[in-house]
Amino acid sequence: MSKSICIITGSTLGGAEYIADNLNEVLSGQGFEVVLFNNAELRDIQHQPHLLVVSSTHGAGELPDNIKPLFDTIESEKPDLSGMKFAVIGLGSSDYDTFCNAVNIIETQLTACGANLVCESLRIDAATNFDHDGSAEAWLPNFTEKL
């Protein structure tokens, strides 16, 4: 039986979207059924068993504009996500003291609604790591092997 994975992105300049697009291809090639949302709403993810969030950190440690409305809704409505397993890939720069803070926000809000974080999140430092796709692919089994 094939497993399904929902990927959502939080992206300002497109970096997280590129990583998500690449992981979509990799996962599909491994036999997963993948759905990808670049502007996800709660109804898109609420009943997904497996969620992979790929997000950059924007401004002073905030979520990017395309994913912020989703997490504002999650924070206000507190949906029951206890059937969901999730993981997070963050993209940021260690030049900022809010390095990958979007990961912290996402983890906190999803676990507060009962979702199960299945592995340590990947935090890609764009200041020193120039192979974002390769880093994400190397990390991916940490997530998929726990589904």
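The following legends describe close-up views of a predicted model.

**View 1. The region annotated as a flavodoxin-like domain.** An unreviewed UniProt entry carries the annotation "domain: Flavodoxin-like" for residues 5–144. Within residues 5–144, helix accounts for 39% of the chain and strand for 23%. The C-alpha atoms at the two ends of this stretch lie 9 Å apart.

**View 2. Helix H3 and its buried face.** Helix H3 spans residues 68–77, and its residues Leu-70, Phe-71 and Ile-74 are buried. Viewed down the axis of H3, the buried residues fall within an arc of 90°, so they line one face of the helix. The other side of H3 carries Ser-76 and Glu-77, both of which are exposed.

**View 3. Packing partners of H3 and the residue that follows the helix.** The buried residues of H3 pack against strand E1 (4–10), helix H2 (42–45) and helix H4 (101–112). Lys-78, just after H3, adopts a positive phi of about 45°.

**View 4. The surroundings of Cys-6.** The structure contains zero disulfides. For Cys-6, the closest cysteine sulfur belongs to Cys-113 and lies 15 Å from the sulfur of Cys-6, which is too far for a bond. Cys-6 has a relative accessibility of 0% and therefore counts as buried.

**View 5. The surroundings of Cys-119.** Cys-119 takes part in no disulfide, and the nearest cysteine sulfur, in Cys-100, is 14 Å away. A disulfide is assigned to cysteine sulfur atoms within 2.5 Å. Cys-119 is buried, its relative accessible area being 9%, where buried denotes a value under 20%.

Conventions: Residues numbered from 1 in each chain as written. Predicted model: local features only at pLDDT ≥ 70, side-chain atom pairs only at ≥ 80, totals over all residues. Heavy atoms only, no water. UniProt positions renumbered as here; feature names shortened; annotations may be inferred. Helix = DSSP H or I, 4+ residues; strand = E, 2+ residues; numbered from the N terminus. Buried < 20%, exposed > 50% of the residue type's maximum accessible area, 1.4 Å probe, protein only. Arc of directions from axis to C-beta. Contact = heavy atoms within 4.5 Å.
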